[in-house]
Each structure stands twice: as C-alpha cells, then as structure tokens.
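I sat down with this one to look up its charged pairs and one of its helices. Notes below, in the order I went.

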Amino acid sequence: MASNGNAKDGPVHYGATADPESVNVEVKSPAKNRYKEKAQSYKRRTWPILFERASGSWWNPKFDSEALENEQWKDYFPQTRRRFQYALFYILVAIIAWCVFYGCTRKQHWILVLGGSLLLFLIIAVVLLFTYTRFYERFYLQTSIFVAVFLCAGILSQPLLTQSYLSTVGTFTASIEVLLLMYTVIPMPLLGAIGIGVLHSVLYEILTALQDEKMQQPSFIVGKFLLHLCIHLIGIHIFFMSQVRKRSTFWKIGQSVMAQRDLKIEKQIKEKMIHSLMPPTVAKEVMQSREDKNDDEEDDGRAKKRNSKGKHVKGEIIFRPFNMNMMDNVSILFADIVGFTKMSSNKTAEHLVGLLNDLFGRFDKLCTEKGCEKISTLGDCYYCVSGCPTAKPDHAKCCVEMGLGMIKAIKEFDEDNNESVDMRVGVHTGTVLCGIVGTRRFKFDVWSNDVTLANTMESSGKPGSVHISETSYAFLKDEYDVEEGPDIQDNRTHKVLIEHYDTATSSYSVRHKEDQKVIKTYFISGRKKKDGGLDSNEDLSQNAVADNIAGNVERETSGEGAENFSESDGREITHSDVNGVSPAQLLGRRHSSGFYATSELSLDMIGDDTRDPSMIPINEAWTKIRKIHEQTDLQIIKCTQEDSQNTVSSPRYHGLLEIIMSFIVFFILSLCCFIIFDRELPWLLIFIFSLIIEVLVFIHALTDVRCKDKKLEACSSFIHLISGWYFRNLLGAIVASIPIIAVYSNFSCNTFKHENLQDRYFCYCVVLSLLHYCNFTMLSSWMKSILAVIAGSVLLLLLAIKICEFENISSTIVLSTMVSPVSMENITGQFYNRTEQNNTILSDEYEYLFSGSHSLKYEVILDMILLLFLIWFLNREFEISYRSSYHGDAQAAADKEQMQENKDQADWLLHNIIPEHVSDQLKNTSKYSKNHKDVGVIFATIVNFNEFYDESYLGGREYLRVLNELFSDYEILLDQYRFKDVEKIKTITSAFMAASGLNEQNRNKNKHPYAHLFALMDFALEMQEVVLQFNASIFNFSFILNIGYNCGEVTAGVIGTTKLHYDIWGDTVNISSRMYSTGVKDRIQLPEAAVKILEEKFDFEYRGTIQVKGKGEMKTYLTKGKKPGATWD
C-alpha cells in the first residue's frame, strides 16, 4: 500500500534523491472533506436522524432539499391517490353496511336515516370519481380536508339527535376508524390531521357526556381522555413512520439509480480496461478463471476446516490456468516509424509523447475501422492482427487496408505537425497462438513463427510501402496490384529432434535440427480496378477517412523541461525468438529512441458522445466519472457508507420505535384498567407478566441499537436463536397481543354488575387494543390480521354467550319479544331510547352488555367486521410499503455490491496495465509522467527458448505453457515482503523485465537509500534459483537464463489513448537490455557504475571490456553472489 512517507513520529529513513521536476501534490476534494466532517458528526450523534437527507424536523418529516421533496411527492402521488381511493371505497362499503343494518332494524324514522346515509354515499362517490380526474392533484389537500371534516361531522351528528341510532360503542368505533383513516390514508399534513382529529375527539366526548350523566364522572372522563390520547399517539406514530419510510424508500431507490448509473460507468471503464489488455472474448475467459480461482480458494478454506484429505496424486503435474488458443488464417501486421529517432532527437519528452499519442490515436481508430485487433506498441513499433481472436474471412485485406491507411495517416500527420517521418509496414498470414502468459502485468499477445516472419516482412520492407508474404498474397490476388520483393528466409522449417554430443561436458542433449528455405515477397503497388475504373475500396481513395482521423484524435503537445537523448536506430538481432522478434531486437527497437516520456492524455468532457465507444480514451471516462462524483459526492458517499449511519428508517431503530409505541399503548391501557376496573388477581398477574415481557423486549431492542456487537460477542448463540424468523414472529405476535390480553384479563361479572358503564368502557378498550395490531410493520400482515380477527371474535363470543347473571334485568324485555310482531324493531327501539328516563322498559343504565340477551351484539358484530376489515387493509398497505422499502434497500445494496465488484475487477485489470501508485494519480490527473533517479532495471531472458519451442505439437501451445509456468514462478517471488520495491514491467516473449525504486513512497520507508537496488539484485539471484529448479523438472533440456542489470535515472510514464501502456525509458533501460544480450550464459552482467553501488552487499568478478551498441566500450562485471550476512532491511 502507498504511504505518505511521513517519518515525523518514527525513525528517520533515507528517501530517494530529490527530483526538482517532481512535485508531490495532495489533492483535497471539498466534497470528501465535507463528508469527513459529516462522518465525524455522525459518530458524535447520540440520536438517529429520521432518514437520509432529512431536514431535522421531527414533527414534519421532509427532505432538506425542496427539489428532493417535490420529486418525492411527485413520484409517490399515484400511490397516495390509490390509497385515498381505497379509503373512499372502504367508506362506501361501510355506508352500505350501515344502510343494510338500518333497513333490517327499521327503527323509528329509519327511512330518514337511510336517506341521509345514501346522501353521504353519493357525496363520497362523487369525491371518488373526482380523484380520477386531473384536477385532483391540484386540489388534493382541499379534498382531503373536506372528506375528513364531513366524516367527523357525520359522526358528531349522532349525539345531537333526539334519538341516537348508534350506541356509544358504535360511535366510538366509527370515531377511531375515521381518525385512523386521517392519519394513514387520507393525504394531509400531520398538523392538519392532529388539529382536525383532536377537535373531533374533544367535541365527540363533550356531546357524548352531555347525553349521559354517568359519562361525566371524573374517572370516566380521565379514562376516555387516555383512550383518545392513545388513539392519537398510535395515529401519529403510524403517520410518522409512514412518512419516514416513504422518504427513506425514495432515497434508497435514488441510491439504487445512482449506483446503477455508476455501475454503468464502471462497466464502461472496465470494458475499456479490458480492451486495453485483451479482446473481450479473451477477457471473459480470464475473468472466469479469476472467479474460479477465488471459488477454489474458498473451497480449499472450507475443506481445511473439514480436515479434508484431498491431496494431489504423487507424480501428477498440476499446471496453472492457461489461456492460449491456436488460430489459423490470421494476418499479422508490423509497422515501424521510419525517421523516428531523428524526430525525437530535438523534442522534449512531453512534446514527443504528445506526437505519439496523436499518431497512435489515428492508428487505433484505423484499427477499429478496418477490423483489426491492436496487440501492442513497442516504442515506435505498432503491431496488430486480423482474424484473431475472432475469425474473419477477409483478414488479409483488413491488414493491407490497415497498412495503406497507416501510410496515408502518417502523411497527414507530417502535414499537421511539420514532420518528415514515414511508415514501413509488413504483413504476413499464418497460424498464431493468442492468449496470455503470466499472472500479473500481463497482456494479450500472439506467438508463432509466423509472427516472427511478419516482423521480418516489416524490417525487410521499404518506407511508404506495404510488404506482404506470398501466403498473404494468395488471399489478395484479386484485390491488389503488386511488385515482387526480395526473397527472405523462412523460419517455419520442419524441426527434427537429434542427440547432440557436447565434447566439453562429454554428454548428450536433445536438440532441434531444421532445414533452411526462403519465401517470395511482394510490395503492394495499388488496388486493382473494377469495371468502370473505380477502386474496390473507394472510401480509402478519398480524403474523408484521413480527415476524419485527423479531426477526431485529441492532440496535446504542451510541456517542457524534460531531458531527451537519442541513439542510433540500428537493430541488433542476437537471438531469433518466437514473438515475431527476438528480445534484443524488440528491446533495441523499443528503447532505441532513448526519449523521456510523459502521458499527455486529453481531458475532454464526455457528454453525448457519438463516437465509437471503443475509441473513447479511458482517461475521458475517468474524467467523466470524476465530474459526476463531484456533483453527487455526498449522495454517493452516503450510498457506500449507509451502514455507518443511524436512521429511524433502519430496521433496528424502526423496531425500537415500534417497541416503544407498544409499551406506551400497554401503559395507557393498563392505567385505564386500573382507573375503571377492579384490581383483581388475574389482571394483576397478567400486568406483571406483560410488563416483564415489555421491559425485556425493550432492553433487547435498545441494546441492538446501542451495543449490538458487544451483545453478539457475549451471547451469540442466544442472539441467533431469538433473531430467527420463527422466534422473531412468535415474539412479535406475543408483544402485539399484550394489550388485548391485558384488557381481556379485566373481564369480570362482578365488575360489570356496577352501573358505571364499565362494560361499555371494556368494549372501548377492546376496540382500541385491536388498533395495536397495526403496529409492528416488520411482522407479517396476515399474522397480525388473523390475531386481530381472533381477538375481535372473543368479544363477540362474550356478547353472544350468557356468561354473567344480572339480577336487575327486567322481564319486560322477554315479554316484548313475545308479543311484538317485529321483535328486532321493538328491542332496538327500546334499548336505544335515551331520552325517556321514566319508560317502563329499563333505561340504559340497566342494559348489561354481557347478559347474553342484549341486542347491541348485532351492532358490535358490524362494528367488528368494519374495524377488522380496516385493520387488514392498513396492515396490508403497511407491509407493501415496508417490503418496497426493503426491496429498494436490497436493490441498492445489490447494485452497490455489483458496482464494487466491477470496481475491483477494473482495478485488478488496471493494475495489470500500470502499478497501483501510478493508477491512483492517473485517476486524479488523467496523466502520469515522472523522472526517477537510482532506479534498478533487469532483463532476464531465456536465450535458448527458441531451441526449445516447436510448433509441430499443438502449434507450440504446450511450450508456451511451460513459459507461463516459469514466468509465474518469477512472479510468485514478488509476493515476498523483501521484494516489495520490485515490480514487473512487462514480458517480451521469453524476456522478463522488472524494476525497483519506482514507488518513491515505498522507497522512503527503507532504512538504506539503496535498499531497493539490493532487493532487485537479490531478486535476480532468486530467479536463477527458480530456473535451476525448473530445469530439474524438464527432461534432458536446460533453460539458459541471461540477466542484465543496471541502475540509474529513468522516466516512467503512461502512453496511449484507447489502450494505455505503462513503461520506463532512458539510457538505464537501454544499457540493461545490452547487458543481457551481450552477457554470459546463466550469469548476471552489469556495468561498473552499478557495481560501485552494489558492492557493499554483493560480490562481483570483473569480466572485461565489451562493445555496447550506442555506448562504445564499457567495463562489465558478473555477479558472484550475496556477501555472507549482508542485510539491508
């Protein structure tokens, strides 16, 4: 991990030599700083916020943004309208039910009552129809207030009548139903609902008390006040949590949308990174192998826990995952810039890399247009293929058109930049192995002798021409006119295994013997004309393509102050290798210009970009996502850090508030029972037991909020038990039923024999207790509704069954039922007469509800049915709301997880292009270039790999598998802490390039200023040991590892637009490559300057003076080994 290297509080460490051109910049994002402050405030917060971005007003839950609040209301208005319409439907059903009831009872003036009910039905029906119009959204508040006031007025009119058609139980039940509708489904502000509701409760109790003197007793007034208080608290709680949950759901859905948007951008970046490494088809296999590897590691971990005995069979060879495919009929193009060394000799690094970005950007666009797959760039060399990894019938034509386009594009480049460079292009068609070698800092590449031959076609060509082999010409005879070119040696000879006797060692070894032959070549002189004299590919004969290329590629040539140097552009071929060119040849080409590079990547904002997505530079996507993150910084940060925030809408706080509400309801009802009813033993026992349960549940919910982790550590098994689905729902059912159980425990015939309306009050408490089942929205609505039905049915059974004997019940009731032709009418008429105090029939004070013969039971049945239907409807709506909130949360979490997975994959791919410390800066600045001093560089090459390689078996695939195993063994060494300063740069066929000291933050931690150089030499020695062990496993063949070492100043940078490439340049790199190419078998060679630094920890032997291309005579040394006891950590 990168560190700031601050040694203020620790031991002083040596750092890298200060570079005057290097500036350490600490980027401070205002958004991130704001978030840090907010994060600290969250840690100090002792009470949760209502929901994300809440305004802080508890009595009026709103977003702190007017735009968010308006959008939330707009998005939820259809649901609000639907709920209000359901409420109106419920009111219509209730009116019809009461009309049927009035019609059956046929009391005095029943027709008038029925007419009034039908008028109410008509008005509500008109309101319902109005909600389906477009005007409702404008006048929704006025409509809600009208309905609420109209319903309250209808209920209040009952006590005003000279003869009430409903008992106090019926009007009380209707009142709480209207209040519940106002707080839940009739859309109005909380203050409006409280105002209308409280006014209704006060007027209702005043009017009711005026009609009956017994209700004017202080205890009864206090009891009714507590009941109304409880009703409003339940309503406010439901309203409050509904608003909080609604906005929280809106926010979570918004988070999900933002996460999906970022996920889309991350996917685009990931695809660009993939395309920078390899074609998507190959990347899919690589990512799948990575996922399989992770799965295998998890399986191995589980197997170890199970003490699995699964082991490899002795003698079985286990290979690493290897992605390599053989493809026939693939055309390979190599192109080299002629005159590049001259062009680079008088330019700064920034200017030169800007020119390269311009030119290679044109080539990248051409590559996409012509159906080619870019493989890589090696200095001024550009190579690509067609027909790989996806087969194409016109592969040869694609490559030739690509070459012709490159020649034309570089002419446009010369005109635009006043340069005089040209292109030399070679094309050959054959068989290739395409895939990946190594496990880190890998890239998609092609291998075969045909690739080598394609490189030969380029090197033997001439500027401004496309040089093709006879194999490619066979696919192009009808397309192009050609001129004969020189014959070149064919390296695709048949190899025969022979035994070679080494006289020096008096031993035999297996060698390849191959025949020599040549092939014909051709230069493309033009396209063949069709009838009519038009080119077969007319679009390339016009200037549109070149103009389009020149116009769409971003060029940036600013910057100065970097050194530049050059050396001759000659080529030295010391070993013919597999990858189209020997390591020495490629490295000589790659570093021949000797320029210091920087990456000047364009910073254009991506708006509605109409370009081909594959041609949009990666840095533009990074810039775009950075701008978006700056605009929505707080939202995105909260989205990824949501779990660290405490909100009322979170399940833990939501559950705690519901437990608190349950405790309040239980306390108020218990207080009412103590005031109104007798304190009998069953009630006292139930109260104590219920209180214990409520307290324990409250403590459990509170500790879940305050110290969940500590509680989980202390008693994890018990917590998992009570957190299970079955136990949680069972406990929820018990807690939800505590109020109704407490009320029923006060049922006593002795209590109801009093003439203080205790039996009516008992019904009030039962009705109120049923509302408690609307609490606990996290429980199943069906379970709560069923429990409510059961609890309500108990009251109906108590009314219907004769349980208590009351001595003062008059026999007149029985007599009237015998003589009256309409018994129901007479009974209800007599029992509802509250104004005739001297009537011969018993007055209301003698009408005992639980006598089993009271006609009020029919009204209570209807009350219970309507109330339970309302409870079921509300529970269902609450569950839908809660599930929607949970779904939004789960979807946002899933999107964030997917986004994080894509980020991890993108980072993993990115770090296989460029180091992590470079990518961090590249994401912030979209460019990277830095000069480093005292950097170590090695080239470790298997110089005899071509002798080992043979395409007669599976096209050479298994030989490359061996190379993959060897490189992977190298890379395993990099995981060791002592090699933390060493990083792989790249591989070129059998050459492995590594460097140390490029991460200056890690260098600053070292105790010795040259510890990274010592570590690189130690790494080179370990590589020799790896090869020795590897040779022991190869039958009758030994790899020869030559290593070149050098240290000094280099320039590290990132170059490219659509395909980024991280590399290092400089004399240090060039000399290091010369050290291996002129080295000694199985030895490490290095120049005298490097020995002076390393001789403190290593022993060397003088080899002598050798001729180094571009440098003349140099004194070189060979490493003997590390000095005994040498350490530098």
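These are my entries on a helix and then on salt bridges, all from a predicted model.

**Entry 1, helix α31.** I started with α31, which runs over residues 957–973 and has 17 residues. From first C-alpha to last I get 25 Å, close to the 24 Å expected at 1.5 Å a residue. Then I checked how covered α31 is: 13 of its 17 residues come out buried, so I noted the helix as mostly covered, with buried meaning under 20% relative accessible area.

**Entry 2, the count.** How many salt bridges are there? I get 26, taking a Lys or Arg side-chain nitrogen within 4 Å of an Asp or Glu carboxyl oxygen. I picked out a few to look at in turn.

**Entry 3, Arg424 and Glu458.** Arginine 424 pairs with glutamate 458, and their closest N and O atoms sit 3.0 Å apart. Where do the two partners lie? Arginine 424 is in strand β4 (residues 422–435) and glutamate 458 is in helix α12 (residues 449–459), so this bridge ties together parts 34 residues apart in sequence. I looked up accessibility too. Arginine 424 has 12% and counts as buried; glutamate 458, at 0%, also counts as buried.

**Entry 4, Glu879 and Arg876.** Next I went to a pair within one helix: glutamate 879 and arginine 876 both belong to α28 (residues 856–910). They are three residues apart, about one turn of the helix. Their salt bridge has its closest N and O atoms 3.8 Å apart. Buried or partly exposed? Glutamate 879 counts as buried at 7% relative accessibility, while arginine 876 counts as partly exposed at 32%.

**Entry 5, Glu1022 and Arg978.** My last pair is glutamate 1022 with arginine 978, at 3.3 Å between the closest N and O atoms. Glutamate 1022 lies in helix α33 (residues 1011–1032), whereas arginine 978 is in the loop between α31 and β14 (982–988), so the bridge links parts 44 residues apart in sequence. That loop brings me back to the helix of my opening entry, α31. Glutamate 1022 is partly exposed, with a relative accessible area of 22%. Arginine 978 is partly exposed as well, at 32%.

I then followed the partners outward. Which residues join this pair in a network? Asp1018 and Lys1122 do: salt bridges with shared partners connect them with Arg978 and Glu1022 into one network.

Methods
Residues are numbered from 1 along each chain as its sequence is written. This is a predicted model: local features need pLDDT of at least 70, side-chain atom pairs count only at pLDDT 80 or more; totals for chains, interfaces and linings use all residues. Side-chain values use heavy atoms; hydrogens and water are left out. Helices (H or I, at least four residues) and strands (E, at least two) are DSSP runs, numbered from the N terminus. The expected span of a helix is 1.5 Å times one less than its number of residues. Buried means under 20% relative accessible area, exposed over 50%, partly exposed in between (1.4 Å probe, protein chains only).
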